[in-house]
Amino acid sequence: SYNTIEFEITQGVAVLTLNRPESLNSFNTEMHAEVRDVLKQVRKDEAVRCLLITGNGRGFCAGQDLSDRAVDPDAEVPNLGESIEKNYNPMIRAIASLEMPVICAVNGVAAGAGANIALACDIVLAAKTASFIQAFCKIGLIPDSGGTWTLPRAIGFPRAMALSLLGEKLSAEQAEQWGMIWKTYEPEALSDAALSMAKQLATQPTKGLALIKRALQSSANNSFDEQLDLERDLQTLAGRTDDYREGVSAFMTKRPPQFTGK
Ligand code: T3D
């Protein structure tokens, strides 16, 4: 069992809940290690076909725990690049490359790395009362956890630049209107909505969904021609899955499909 997170697997869904509510689920060293461990487990467990990430309490995640960062002038200056290399980048890469859909249910404020962890997930749902803050600029840092890549792609360059330079709070409803996230819910409805979406996704052709994820991610850096070639290659893989055969066979015989994720 874990100290800083909760983790359970139900009906093909792995639920990772950040659980340091007293500091708005900010990341200390232990939480980094525990999240790393869970992401490794999820990747290896064939029974898991969707990951849901959320937080306990009134916040989703306030990024790095700043009480772990020395303010004593005599203390050694921390090498933040090392923390990014060891903690944040592997977590973001693990989420982005996970071969299943990853849903983020943003239950409250998502600040700093917390905002960008959400943006690294495939589908972001949020409570109407939640908010997103690129808080880094206020303490002299730059947006990390992939934010300088995901944010301009999600909402366009001008909005991404202003949010990053100003550190202004973006409400979940504004984020929904801008297309930065998928949907907002009344706060009391969020967790049920997220879990039911996750359970539904866990019954779908997981390999195919993973290939969709890869195709869309790759489109950010490919030319149109390269992307057409990639679609050909990924469709070749999709066409070899059991779930594709099942999907076609169910369609042709007018029965509901039974996907296995293989
Ligand atoms: O160092 C590296 O490894 C490099 C990587 C960096 C990645 C990063 O994420 S850098 C950015 C770090 N995060 C922030 O700068 C955000 C800091 N937090 C805030 O600005 C505010 O807390 C919020 C805007 C998120 C929420 O404001 P509010 O007024 O709703 O709540 P609050 O009162 O500020 O926070 C509640 C408690 O949580 C409070 O503790 P207390 O007074 O009740 O004992 C507060 O200190 C604590 N808390 C919130 N965020 C953090 C935190 N404690 C430590 N670290 C935090 N990041």
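The centres of domain 1 and domain 2, taken over C-alpha atoms, lie 27 Å apart. The chain is assigned domain 1 (5-201) and domain 2 (206-252), with bounds that come from an automatic or database domain assignment. The model is predicted: local features need pLDDT of at least 70, side-chain atom pairs count only at pLDDT 80 or more, and totals for chains, interfaces and linings use all residues. Residues are numbered from 1 along each chain as its sequence is written.

Where the two domains meet, 7 residues of domain 1 are in contact with 6 residues of domain 2; contact here means that the C-beta atoms of two residues, placed from the backbone, lie within 7 Å. On the side of domain 1 that touches domain 2, 3 residues are nonpolar, none is polar and 4 are charged. In this division Ala, Val, Leu, Ile, Met, Phe, Trp, Tyr, Cys and Pro count as nonpolar, Asp, Glu, Lys and Arg as charged, and the others, Gly among them, as polar.

We can turn next to the sheet. Six strands, in the order β1-β2-β3-β5-β7-β10, make up an open sheet with mixed pairing. Strands (E, at least two residues) and helices (H or I, at least four) are DSSP runs numbered from the N terminus, and two strands pair if DSSP finds at least two bridges between them. The edges are taken by β1 (5-10) and β10 (183-185); each has a single partner strand, so one side of each is left without a neighbour in the sheet. On average, neighbouring strands are turned by 20 degrees against each other, direction ignored. Axes are lines fitted to C-alpha atoms, for helices over the stretch in contact, and angles run from 0 to 180 degrees between N-to-C directions.

Starting from the β1 edge, β1 and β2 are antiparallel partners joined over 6 bridges. Glu 6 has Thr 17 of β2 as its bridge partner, and Ile 5 stands opposite Leu 18 in β2. These two strands form a hairpin with 2 residues between them. One residue of the turn, Gln 11, has a positive phi of about 45 degrees although it is not a glycine. Most residues other than glycine have a negative phi. Gln 11 is exposed, with 12 other C-beta atoms within 10 Å. On this scale a residue is exposed if 12 or fewer other C-beta atoms, placed from the backbone, lie within 10 Å of its own, buried if 20 or more do, and partly exposed in between. A positive phi also occurs at Ser 145, near 55 degrees. Ser 145 sits in the loop between β8 (131-133) and α4 (147-155), and counts as buried because it has 27 C-beta neighbours inside 10 Å.

Further into the sheet, β2 is mostly covered, with 5 of its 6 residues buried. It runs parallel to β3, and 6 bridges join the two; among the paired residues, Thr 17 has Thr 54 of β3 as its bridge partner. Strand β3 (residues 50-55) in turn pairs with β5 in the parallel sense over 4 bridges, where Leu 52 is matched with Ile 103 of β5. Helix α7 (residues 190-201) lies across β2 (13-18), β3, β5, β7 (123-127) and β10, running at about 165 degrees to β3.

Cys 104 gives a closer view of β5 (residues 102-106), the strand in which it is placed. Cys 104 is buried because 28 C-beta neighbours lie inside 10 Å. Leaving aside neighbours within four places in sequence, Cys 104 is in contact with Ile 53, Ala 118, Cys 121 and Val 124. The C-alpha atoms of Cys 104 and Ala 198 are separated by 9.9 Å, although the two residues are 94 apart along the chain.

The ligand completes the picture. Of the 24 residues around the ligand, Ala 62, Gly 63, Ser 83, Gly 112 and Ala 113 come nearest; a residue is near a molecule if its C-beta atom, placed from the backbone, lies within 6 Å of it. The elements that contribute two or more residues to this shell are α2 (80-97) and β6 (109-111). Helix α2 gives the most, with 4 residues. By type, the shell divides into 14 nonpolar, 7 polar and 3 charged residues.
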